Amino acid sequence: MADQFGETGVAKRIIDPTDGLIVDIVGAWASEKHERLRKYIDAAHGARARYLRPRGMGGAAYIELFSGPGRSFVEDDKAFIDGSPLVAYKAAKKSRTNVSELHFNDLESDNVDALHQRIAKLGGAASFYNDAAKKAVDKIIYALNPAGLHFAFLDPYNLQGLPFSIIEKLARLPRTDMLIHVSTFDLQRNLRRYLDDGRVLDAFMPGWRDRVDIKTTNQQAIRAGLLSHWRGLIRNLGTSTAEAIELVSGPKGQRLYWLVFVSAHELGLRLWNDICNVNVQKRFDL
Ligand SMILES: C[S@@+](CC[C@H](N)C(=O)[O-])C[C@H]1O[C@@H](n2cnc3c(N)ncnc32)[C@H](O)[C@@H]1O
């Protein structure tokens, strides 16, 4: 990201020339998660319709706790693309079964401002929050109708941003699907630090100290043990929870992230399976 920093070493923001607003800087693989997101929102339109007027009253909300500014610059391609909030917004609109409400949060106020303007320019309206995700989740859950069918895309940069308590709280709503980005790259790069100072792992995957043998020198075994423990926590969220997981790799085959889909109902998992069967690099059932 050489061009992201000025002479002062302070991060510069790149501006999207089409709207004059800031963007995120991403790798080419970001498009892959957006593609899954787009397909899910499209495929779920029938399920959504049952919770929207006139058929239902609970509503169907779309939630992002790590929204970014709504547009991104792909470094490798030198191209500007929609960020996940705009991908989701446009996909819902195109499916003709719009979501009933949008909730967007980001820790950076500049991102929130840019996204606010972009959604408004598209003629949309949303609730915006500028908090740490673990605080925003409480405000958003309070605003949701528990009788609705909701969908949360959780897309933090790293493990630190996603305490397990966030997932637990969302899973307490009876019908909330989640698509969760887990950065295996972060775990690989920072494993030693995370083990030495256990606070990130304590929040991301409570109970890991009792479950994972960290005395072994085999780092890969430690990483596998940690991720298996996290998957166990997901599985224990509730008896009706079903999950599917997908590994997204970089151009040189390096493992970058998991996209973990968590659904509290059969239909959600079926939809996700259909989506994953298209253009898949690698997929696991848990
Ligand atoms: C991977 S980016 C999101 C990209 C976006 N979902 C997309 O695909 O266009 C992660 C975002 O999380 C925000 N962030 C970092 N730590 C956070 C936290 N603790 N709570 C909420 N947002 C956070 C960052 O400002 C950044 O915009």
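Which residues line the largest cavity? Tyr40, Ile41, Ala44, Arg48, Ala60, Ala61, Tyr62, Val99, Leu149, His150, Phe151 and Asp177 do.

1. Basis. This is a predicted model, in which local features need pLDDT of at least 70 and side-chain atom pairs count only at pLDDT 80 or more, while totals for chains, interfaces and linings use all residues. Residues are numbered from 1 along each chain as its sequence is written, and side-chain values use heavy atoms, with hydrogens and water left out.

2. The cavity. A search of the whole structure gives one cavity of 30 Å³ or more. The volume of the largest cavity is about 110 Å³. Three elements give two or more residues to its lining: α1 (30-43), β4 (61-64) and β9 (150-154). By class, the lining residues are nine nonpolar, one polar and two charged. A cavity is a set of points, on a 1 Å grid over the protein atoms alone, where a 1.4 Å probe fits but cannot get out; lining residues have an atom within 4 Å of a point. Grid points are joined across faces, edges and corners, and a volume is the space filled by probe spheres set on the points. Helices (H or I, at least four residues) and strands (E, at least two) are DSSP runs, numbered from the N terminus. Ala, Val, Leu, Ile, Met, Phe, Trp, Tyr, Cys and Pro count as nonpolar; Asp, Glu, Lys and Arg count as charged; the others, Gly among them, count as polar.

3. The second largest pocket. A pocket is an open set of points with protein on both sides within 12 Å along at least five of seven lines. The second largest one has a volume of about 290 Å³. It is lined by 13 residues, and the closest to its centre are Arg223, Ala224, Leu227, Arg255 and Trp258. At least two lining residues come from each of α7 (184-196), α10 (219-235) and β12 (255-263). Helix α10 gives the most, with six residues. The lining divides into six nonpolar, four polar and three charged residues.

4. Glu64. This residue sits in strand β4. Glu64 is buried (under 20% relative accessible area, 1.4 Å probe, protein chains only). Glu64 has no salt bridge (a side-chain nitrogen of Lys or Arg within 4 Å of a carboxyl oxygen of Asp or Glu). The nearest side chain of opposite charge is Lys33, 8.4 Å away. Lys and Arg count as positive, Asp and Glu as negative; His and the chain ends are not counted. What does the side chain of Glu64 contact? It makes polar contacts with the side chains of Tyr62 (2.6 Å) and Ser84 (2.9 Å). A polar contact is a pair of N or O atoms within 3.5 Å; within protein, one must be able to donate a hydrogen and the other to accept it, and residues adjacent in sequence count only if both atoms are side-chain atoms.

5. Backbone points. A cis peptide bond joins Arg53 and Pro54, with omega about 5°. Pro54 lies in the loop between α2 (45-49) and β4. Lys78 is not a glycine, yet its phi is positive, near 55°. Lys78 belongs to the loop between β5 (71-74) and β6 (79-82). Lys78 is exposed (over 50%), at 57% relative accessible area. Arg96 also has a positive phi, near 65°. Its place is the loop between α3 (84-94) and β7 (101-105). Arg96 is exposed, with a relative accessible area of 77%.
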